[in-house]
Amino acid sequence: MNSWHILTASVTIGLISEVVYYSYKKKYPQRLSSFILSLFTSEASDQRLISKLSPPKYFYKVLFFPDEDYPCKFYAWKGGCKLPICNFPHVETSFKLFGDYLYSARSSLDVCVYTITSLVLCEIILDVHKSGTPVRVIIDDESDNFEGSLLKKFRENGVKLRTDKSSFLMHHKFVIIDKETVMNGSFNWTRNAITANNENVFITNNPEVVKPYMEEFEKLWRYFEPNSRLYMKRCGYHSDRQ
Ligand SMILES: [Zn+2]
């Protein structure tokens with residue numbers, strides 16, 4: 001075997017190993033990380049090292065309130081503020097991020113919250129609805145009577161809306177975006193919750209968390225369908241919970 005044969009064989013083996021490596025990496029990234037670790041360390045079972053090489057694709061975020069003020073909505077969500085003098089802050093706030101997630105909805109926005117009296121949040125919901133994203137809102141019927149309730153605006157604009165029609169509270173405060181991300185916490189959709197109260201909102205796209213919220217939303221959506229058998233038996237529904 002001359003040097004030409006040796007060179008050809010080396011190049012061929014190199015190419016084959018590259019193809020095998022990238023094919024395997026694409027299909028089994030976690031397994032490949034473990035294999036590589038096992039070559040260089042006796043701590044191959046150390047999941048912390050493995051997770052550094054293949055970080056989980058899910059995120060977890062917590063927002064705390066109050067913010068000092070509402071952010072400027074033009075700065076936050078309308079492509080920039082052109083006002084020569086603007087009375088609202090041009091800064092990243094918890095509420096700006098909360099709104100970013102709502103505006104990110106493309107295939108669905110399912111809101112399940114005790115009350116909505118924040119005009120800015122109402123506008124965001126209507127913007128998402130008008131953009132063509134299907135929006136559903138579940139809310140406590142008592143909030144219909146609150147001063148500043150904005151349910152009338154939802155109805156006028158054709159947003160799908162259901163209420164519990166019960167003396168008990170529909171006290172959830174969560175929203176599901178594109179059936180992939182959930183935001184939940186102590187946060188009612190009021191001005192005080194944004195700029196005065198101590199509140200928290202937890203956000204994640206981990207399906208183990210999102211899925212039960214989706215199931216709860218669908219269950220309540222069925223329960224609160226007007227004139228349905230379940231709806232008429234709502235008192236039984238509440239006794240089930242005791
Ligand atoms: Zn501004």
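The following points concern the zinc site, strand S2 and helix H5 of a predicted model.

1. Zinc donors. The zinc ion has four protein donors: the SG atoms of Cys72, Cys81 and Cys86, and the NE2 atom of His90. These atoms lie 2.1 to 2.3 Å from the ion. The angles among the 4 donor atoms run from 105 to 119 degrees, and the site is tetrahedral.

2. Spacing of the donors in sequence. The donor residues follow the pattern C-x8-C-x4-C-x3-H. Cys72 belongs to the loop between strand S1 (60–65) and helix H4 (73–77), whereas Cys86 belongs to the loop between H4 and helix H5 (94–103); the pair therefore ties together parts that are 14 residues apart in sequence.

3. Exposure of two donors. Cys72 has a relative accessibility of 2% and therefore counts as buried. Cys86, at 24%, counts as partly exposed, because the limit for a buried residue is under 20%.

4. The annotated segment. An unreviewed UniProt entry carries the annotation "domain: C3H1-type" for residues 71–93. In the model, the chain over residues 71–93 is 22% helix and 0% strand. The C-alpha atoms at the two ends of this segment are 7 Å apart.

5. Helix H5. Of the 10 residues of H5, 8 are buried, so the helix is largely enclosed by the rest of the structure. The buried residues are Ser94, Phe95, Lys96, Phe98, Gly99, Tyr101, Leu102 and Tyr103. As background, residues three or four places apart in an α-helix point the same way, because the helix has 3.6 residues a turn.

6. Burial of strand S2. Strand S2 spans residues 109–113 and is mostly covered, with 5 of its 5 residues buried. Leu109, Val111 and Val113 point one way from the strand, while Asp110 and Cys112 point the other way. Residues on both sides, the charged Asp110 position included, are buried.

7. Pairing of S2 with S3. S2 pairs with strand S3 (residues 135–139) in the parallel sense, over 5 bridges. Within this pairing, Val113 has Ile139 as its bridge partner. Between the two strands the chain passes through helix H6 (residues 119–130), and the resulting β-α-β crossover is right-handed.

8. Pairing of S2 with S5. S2 also pairs with strand S5 (residues 173–177), here in the antiparallel sense and over 5 bridges. In S5, Lys173 stands opposite Val113. Val113 thus has a partner in S3, namely Ile139, and a partner in S5, namely Lys173.

Terms used
Residues numbered from 1 in each chain as written. Predicted model: local features only at pLDDT ≥ 70, side-chain atom pairs only at ≥ 80, totals over all residues. Heavy atoms only, no water. Donors = N, O, S within 2.8 Å, 3.2 Å for Na, K, Ca; no water. Tetrahedral: all angles 85-135°; square planar, octahedral: opposite > 155°, others 65-115°. Helix = DSSP H or I, 4+ residues; strand = E, 2+ residues; numbered from the N terminus. Buried < 20%, exposed > 50% of the residue type's maximum accessible area, 1.4 Å probe, protein only. Pairing = 2+ DSSP bridges. Right-handed = clockwise from strand over helix to strand, strands pointing away. UniProt positions renumbered as here; feature names shortened; annotations may be inferred.
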